[in-house]
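Visitor: Could you take me through one part of this structure in detail? I would like a close look at the largest pocket and at what surrounds it.

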Amino acid sequence: SSGINAEYGGALANRVSKGFEGVFRVLPLVTVIDQSVLVCHGGVSDITDLEYINNIPRHKYASILRPPSKPSASGEDTVDLVEWRQMLDLLWSDPKSGMGCEPNTFRGGGTYFGPDIP
């Protein structure tokens, strides 16, 4: 967003940013080739669930940095953190050579996942 503001400035920057958000809302999160190859921008984690991900209403996410909220019965906004985390992991996780899965502290989201994480 700051790069867009620096390049275009003002109202035009806002229109360009909204255009990117519109494209982001319709891009697929992940593709599976021949039921054996997972293709995504980031990676996986120890909680990645492709069935769950397949049912996420993709259009409600304009940005992964801002999880969508919805009003609860009490009137307060709530966020589905499991859903948001699934998306965050797919977009911002990185592989590591060691085993296991740990938070990706460099990016502030996603995980570092080892070869043992399916």
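Guide: In this predicted model, the largest pocket holds about 610 Å³ of space. Its lining is made up of 23 residues, and those that lie nearest the centre of the pocket are F20, F24, A62, S63 and I64. Sorted by class, the residues of this lining comprise 15 that are nonpolar, five that are polar and three that are charged. Several elements contribute to the wall: α2 (10-26), β1 (30-33), β2 (37-40) and α4 (81-92) each provide at least two of the lining residues. The largest share, however, belongs to α2, from which five residues of the lining come, and this helix therefore deserves a longer description, beginning with its length. With 17 residues at 1.5 Å a residue, α2 should span 24 Å, and the 26 Å that separates its end C-alpha atoms agrees with that expectation.

Along α2, the residues A13, S17 and E21 are buried. Viewed down the helix axis, the buried residues of α2 fall within an arc of 75 degrees, so they line one face of the helix. The general geometry of such a helix is helpful here: an α-helix has 3.6 residues a turn, so residues three or four places apart point the same way. On the face of α2 that is turned away from the buried side, the exposed residues are A11, R15, K18 and V26. N14, which also lies in helix α2, is partly exposed, because its relative accessible area is 46% and the intermediate class runs between the 20% and 50% limits. As a distance across the model, N14 and P57 are 25 Å apart in space, C-alpha to C-alpha, with a separation of 43 residues in sequence.

The cysteines can be considered last, beginning with C40, a residue that has no disulfide partner. A disulfide is a covalent bond between the sulfur atoms of two cysteines, and a search of the whole structure finds zero of them. For C40, the nearest cysteine sulfur is that of C101, at 13 Å. Taken from the other side, the closest cysteine sulfur to that of C101 is the one in C40, and because 13 Å lies between them, they are too far apart for a bond. As for accessibility, C40 is partly exposed, with a relative accessible area of 22%, and C101 likewise counts as partly exposed, at 24% relative accessibility.

How values were computed
Residues numbered from 1 in each chain as written. Predicted model: local features only at pLDDT ≥ 70, side-chain atom pairs only at ≥ 80, totals over all residues. Heavy atoms only, no water. 1 Å grid on protein atoms, 1.4 Å probe; cavity = no way out; pocket = protein on both sides within 12 Å on 5 of 7 lines; lining within 4 Å. Points joined across faces, edges and corners; volume = space filled by probe spheres on them. Helix = DSSP H or I, 4+ residues; strand = E, 2+ residues; numbered from the N terminus. Nonpolar A, V, L, I, M, F, W, Y, C, P; charged D, E, K, R; others polar. Disulfide = S-S within 2.5 Å. Buried < 20%, exposed > 50% of the residue type's maximum accessible area, 1.4 Å probe, protein only. Expected span 1.5 Å × (residues − 1). Arc of directions from axis to C-beta.
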